[in-house]
Amino acid sequence: MTTTTAINQLFPQPLWQWFEQICAIPHPSGHEQALSLHIQAWAKQRGLALVEDQVGNLIIRKPATAGMEDRKIVVLQAHLDMVPQKNADKVHDFVTDPIQPWIDGDWLKATGTTLGADNGIGMASALAILGSDEIKHGPLEVLLTVDEEAGMTGAFGLQGGMLEAEILINTDSEQEGEIYMGCAGGVDAEITVPLQWQAATAGHLAFTLAIAGLKGGHSGVNIHLGRGNANKLLARFLAGHAVELDLALSAISGGSLRNAIPREAQCSFSLPADQADLLQQRVAQYQSILQAELSSAEPALKLTLSSAPAPALSMQVGPQKTLINLLNSCPNGVMRMSDEIAGVTESSLNLGVVSTQEQSVTILCLIRSLIDSGRQNIESSLQSLSDLAGAKLALSGCYPGWKPDTSSAVMSIVNDTYESIYHKKPEIMVIHAGLECGLFKQHYPHLDMVSIGPTIRYPHGPDEMVNITTVGQYWTLLLAVLERIPARSK
């Protein structure tokens, strides 16, 4: 139920006031500068020590409150950027237009776009603590990294010697009641499939087939939920019917981010006029098949077949067949569940983006795994598939996982604090997503790290929402943990 309550009046007010400002300043990956400058100006006005490093990360320092000067230094960490995803019918430029949040019962949502609660709520909590004269804490550092969602540029670029803290609290988790002590590593995979073109056949009819209405979501957090991948579903149709219908592809595309499960995909093609009726039958049949298979996971799935302008060129038969076979056979989804941690995905692959260029089709995937050998196994599979197809595989941006430390002192503090406040035990978890903690360990191996956050549903998609009550619970926990940080060793 929609309410008229102002967002900045929610509990805790200082956090929500900051989040409202964050929503008002566009900050998709690669375009965080305006938000960064806003935060820098505010920090300087507050008299806080501020450093911007060579890649654009911000480090803001605040002295301890009275009587807590001897506590261990804590760094609160969040990322400045957000994932830019919108519904196809939503007119929105993430570089220039603000996010439009609204309250729906106990949830905060956005109007047709991602909300940016990932990681805007964590960022807002850190900035609210910096701005408070009442919250008790020891010496604080706040680290705000750039470009986490697109390539972890900030975490890769953070140099040793920048942080003084002994403890790091990452605020990028997305489930209240869970404490994260480890995460998956990952690598980007780009497959380039060469194309050859020919003049389109005169007299053929042209169509566009589109798949839309899928939920999408975070390619780590949501990969185990059985949601449809629009790229894979489109490839499945083409693999089954391209030869039968004598289709000649002129373009294929789908998805927009390698770390988001693709919600939409489309292809343009021409075919003999006498095959048009059979095409419509096959599309209708496929719609029924998918509705039966994915009725629970994807109730809004829809196939749309529409007439299109006649193309000048179409793919040659051989390269087209190779492309379709590669897309159809490419691994996707959960590859293996963890043997050590029940219910957690060990290794996965997301076939995130397909795009057509003049001489090739590019396929962008994100491989995630809790263990290096799991990631390497999937890399090997993609290499073999690419070799068979005469395609080129390029791997880049490999980042390490965050190995769990069961002896972590800060994890024990968070665990005991949560239990004392809420009178129940939290879940100690490892997340199948790419937190920046593993990269921080490279330059700061001594850091004792933990990750917490409120409940965020459907991150990386336009259905993203954050539970308002859990934001208050996360805030209460965070402040209590800061108050319990022990003294430094003498």
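**Close-up 1. Surroundings of C183 in strand β8 of the predicted model.** C183 belongs to strand β8, which covers residues 178–183. The residue is buried, with a relative accessible area of 3%. Leaving aside neighbours within four places in sequence, the contacts of C183 are L370, G401, W402, V430, I431, A433 and L435. A200 follows 17 residues away in sequence, yet the C-alpha atoms of C183 and A200 are 49 Å apart in space.

**Close-up 2. The buried acidic residue D118 in helix α3.** Helix α3 comprises residues 117–130 and contains D118. Although D118 is buried, it has no salt bridge. R368 provides the nearest side chain of opposite charge, and it is 8.6 Å away from D118; a salt bridge would require a side-chain nitrogen of Lys or Arg within 4 Å of a carboxyl oxygen. Not counting residues up to four places away in sequence, D118 touches H79, D81, M82, E149, D172, E174, H218, I456, P459, H460 and E464.

**Close-up 3. Strand β2 and its pairing with β1 and β6.** Strand β2 (residues 58–62) has 4 of its 5 residues buried, so it is largely enclosed by the rest of the structure. Pairing with strand β1 (residues 49–52) is antiparallel and runs over 4 bridges, with A49 matched to R61 of β2. The hairpin of β1 and β2 has 5 residues between the strands, and G56 adopts a positive phi near 105° there. Strand β2 also pairs with β6 (residues 140–145), in the antiparallel sense over 5 bridges. In that pairing, R61 stands opposite E141.

**Close-up 4. The open sheet of β4, β5, β23 and β22.** The 4 strands are arranged in the order β4-β5-β23-β22, with antiparallel pairing. Strands β4 (101–104) and β22 (456–457) stand at the edges with a single partner strand each, so one side of each is left without a neighbour in the sheet. The antiparallel strands β4 and β5 (residues 107–110) are joined by 4 bridges. Within this pair, I103 lies opposite L108 of β5.

**Close-up 5. Helix α11 and its start.** Helix α11 spans residues 468–483; at 1.5 Å a residue, its 16 residues should span 22 Å, which agrees with the 23 Å between its end C-alpha atoms. The helix is largely enclosed by the rest of the structure, because 12 of the 16 residues are buried. Among them are I468, Y474, W475 and the run from L477 to L482. At the start of α11, a side-chain oxygen of N467 comes to within 3.3 Å of the backbone nitrogen of T469.

Technical notes: Residues are numbered from 1 along each chain as its sequence is written. This is a predicted model: local features need pLDDT of at least 70, side-chain atom pairs count only at pLDDT 80 or more; totals for chains, interfaces and linings use all residues. Side-chain values use heavy atoms; hydrogens and water are left out. Helices (H or I, at least four residues) and strands (E, at least two) are DSSP runs, numbered from the N terminus. Buried means under 20% relative accessible area, exposed over 50%, partly exposed in between (1.4 Å probe, protein chains only). Lys and Arg count as positive and Asp and Glu as negative; His and the chain ends are not counted. Contact means heavy atoms within 4.5 Å. The expected span of a helix is 1.5 Å times one less than its number of residues. A polar contact is a pair of N or O atoms within 3.5 Å; within protein, one must be able to donate a hydrogen and the other to accept it, and residues adjacent in sequence count only if both atoms are side-chain atoms. Two strands pair if DSSP finds at least two bridges between them.
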